[in-house]
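Me: Please take a close look at the packing in this model, beginning with an aromatic contact and continuing to the core. I should like the cut-offs stated as the terms arise.

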Amino acid sequence: MLMEVLVVDDNPAIRDILAKMLTRLFPNTSVMKAKDGIEALKSVNSAQHLDLIICDINMPNMHGLQFLRILRKDYLNKTPVLVVSGETDTEFVREAAKLGVVGYILKPFTTEKFKEKIEEFIRNYKDKPEIS
């Protein structure tokens, strides 16, 4: 089962760590990377298919929540989004939930927690017709 994932984070080290964890834990994973919401929207436009977007909240140029709003409302894109962020403000978490994120991982996180969330995504969302 090939899984196409877009990782969006302004920190290049975090982007690389997430991409490496994905490909190591789930070998049939193809990962695209974007440094902010603007670049992520370009990646969404150019991708033939995405199974999952992993996105930070606090980023320059385009905040993660702004990216999600545009993704959902302007692009009408229903690709599942997993937020990986250090943001603990409950207002941000509530807004992310309203925008339909499938999960929220608080930074810093363990490899086991990350693996658990991706496995949960695969069980509950991967290849479901309503998200394609």
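**Aromatic contact and core packing**

Reply: F121 is buried, at a relative accessible area of 2%, whereas Y125 is partly exposed at 28% (buried is under 20%, exposed over 50%, partly exposed in between; 1.4 Å probe, protein chains only). The model is predicted: local features need pLDDT of at least 70 and side-chain atom pairs 80 or more, while totals for chains, interfaces and linings use all residues. Numbering runs from 1 along each chain as its sequence is written, and side-chain values use heavy atoms, without hydrogens or water.

Two aromatic pairs occur in the structure. F121 and Y125 form a stacked pair, with 6.2 Å between centres and 15° between planes (Phe, Tyr or six-membered Trp rings, centres within 6.5 Å; stacked under 30 degrees, edge-to-face over 60, otherwise tilted).

Helix 3 spans residues 64-74, and its buried residues are G64, L65, F67, L68, I70, L71 and R72 (helices are DSSP H or I runs of at least four residues, strands E runs of at least two, numbered from the N terminus). Their cover includes helix 2, strand 3, strand 4 and helix 4. Just beyond helix 3, L76 has a positive phi of about 50°.

The largest nonpolar core has 24 residues, of which L6, V8, I53, F67, L68 and V81 touch the most other members (buried Ala, Val, Leu, Ile, Met, Phe, Trp, Tyr and Cys, joined through side-chain atoms within 4.5 Å). Helix 3 contributes the most to this core, five residues.

Key
Contact = heavy atoms within 4.5 Å.
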